[in-house]
Amino acid sequence: MVGFKVKYYWYQIGSGDFLFSFFSTVAYNLENQKWGSKFPVIMNELYQGELSSNHISEAINELEQIKQGLAKLSPDKVIWDIENLSAQPPWGTDISSDITNLSNYFVTSDGEDFITIFSHALEKAEELNYGLKIVSI
């Protein structure tokens, strides 16, 4: 189980594979397969495990651009693993009819919209002037 941690606040995400799928999908579809070329703060700094408080506002802007970009892509464009493009999500193509594009494709293990949870974590980090970490428990 992985999640975002801001000081003592915890934002549950789900499996590490699920989080890697989000990053893989962004890199493949929105960065022309060049990891971190368009969204360096989220894709490089945060992906390494920690985002400094100095870069939170940039990350908020990047996440909004990512959300807008993913909204233009159909769910079949999801990338489960950029290092193995033939890999499929455990649920395959059996997804909820509520999922209409890639901006609402990613749902946390407790049923929340991933981008919304990600946004809340970034907003809390900004409010507290604190960094954000990816933590595995």
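Which loop holds Gly131? Select Gly131 to start: the residue sits in the loop between helix 4 and strand 4. Keep in mind throughout that this is a predicted model.

**Stop 1: Gly131 and its surroundings**

Is Gly131 buried or exposed? Its relative accessibility is 17%, under the 20% cut-off, so Gly131 counts as buried. Now show what touches it. Beyond the neighbours within four places in sequence, Gly131 is in contact with Lys5, Val6, Leu51, Ser52, Ser53 and Ala125. Add His55 and draw a C-alpha to C-alpha distance. Gly131 and His55 are 8.4 Å apart in space, with their positions 76 residues apart in sequence.

**Stop 2: Asn129, in that loop**

Step back to Asn129. Asn129 is also found in the loop between helix 4 and strand 4, which spans 132-136 as a strand. Check its backbone. Phi is positive, about 50°, although Asn129 is not a glycine. Most residues other than glycine have a negative phi. Asn129 has 58% relative accessibility and counts as exposed.

**Stop 3: Asn32, another positive phi**

Jump to Asn32. Which loop is this? Asn32 lies between helix 1 and helix 2, the latter being residues 40-45. Phi of Asn32 is near 50°, again positive in a residue other than glycine. Asn32 is exposed, with a relative accessible area of 60%.

**Stop 4: the salt bridge in helix 4**

How many salt bridges does the structure hold? The count is 1. Select Lys124 and Glu127 to see their side chains meet in a salt bridge, at 3.4 Å from N to O. Both residues lie in helix 4. They are 3 residues apart, about one turn of the helix. Now colour by accessibility. Lys124, at 16% relative accessibility, counts as buried. Glu127 is exposed, with a relative accessible area of 56%.

**Stop 5: helix 1 against helix 4**

Select residues 16-30 for helix 1 and residues 114-128 for helix 4. Two packed helices are described by the angle between their axes and the distance between the axes. Here the angle is about 90°, and the axes are 13 Å apart. Helix 1 and helix 4 are therefore roughly perpendicular to each other. Which residues meet? On the helix 1 side, show Phe18, Leu19 and Phe22. On the helix 4 side, show Phe114, Ile115 and Phe118. By class, this contact of helix 1 with helix 4 has 6 nonpolar residues, no polar and no charged ones.

**Stop 6: helix 1 against helix 3**

Keep helix 1 and add helix 3, residues 56-71. These two helices pack at an angle of about 70°, with their axes 11 Å apart. Helix 1 and helix 3 are therefore roughly perpendicular to each other. From helix 1, select Phe22, Thr25, Val26 and Leu30. They meet Leu63, Ile66, Gly69 and Leu70 in helix 3. The residues of this contact divide into 6 nonpolar, 2 polar and no charged. Leave Phe22 highlighted: that residue is listed in the contact with helix 4 and in the contact with helix 3.

**Stop 7: Glu62, a buried acid**

Stay in helix 3 and select Glu62. Is Glu62 buried or exposed? At 7% relative accessibility, Glu62 counts as buried. Yet Glu62 has no salt bridge. Which side chain of opposite charge is nearest? That is Lys38, 11 Å away. A salt bridge needs the nitrogen within 4 Å of a carboxyl oxygen, so the distance to Lys38 does not qualify. By C-alpha atoms, Glu62 and Lys38 are 8.6 Å apart, and they are 24 residues apart in sequence. Now show the contacts. Leaving aside neighbours within four places in sequence, Glu62 is in contact with Phe39, Pro40, Val41 and Ile42.

**Stop 8: Glu58, the last selection**

Move along helix 3 to Glu58. Where does the accessibility of Glu58 fall? Glu58 is partly exposed, with a relative accessible area of 38%. Finish with one long line across the view. Glu58 and Thr100 are 42 residues apart in sequence and 27 Å apart in space, C-alpha to C-alpha.

Key. Residues numbered from 1 in each chain as written. Predicted model: local features only at pLDDT ≥ 70, side-chain atom pairs only at ≥ 80, totals over all residues. Heavy atoms only, no water. Helix = DSSP H or I, 4+ residues; strand = E, 2+ residues; numbered from the N terminus. Buried < 20%, exposed > 50% of the residue type's maximum accessible area, 1.4 Å probe, protein only. Lys, Arg positive; Asp, Glu negative; His and termini not counted. Contact = heavy atoms within 4.5 Å. Axes fitted to C-alpha atoms, helices over the stretch in contact; angles between N-to-C directions. Parallel < 35°, antiparallel > 145°, perpendicular 65-115°, else oblique. Nonpolar A, V, L, I, M, F, W, Y, C, P; charged D, E, K, R; others polar.
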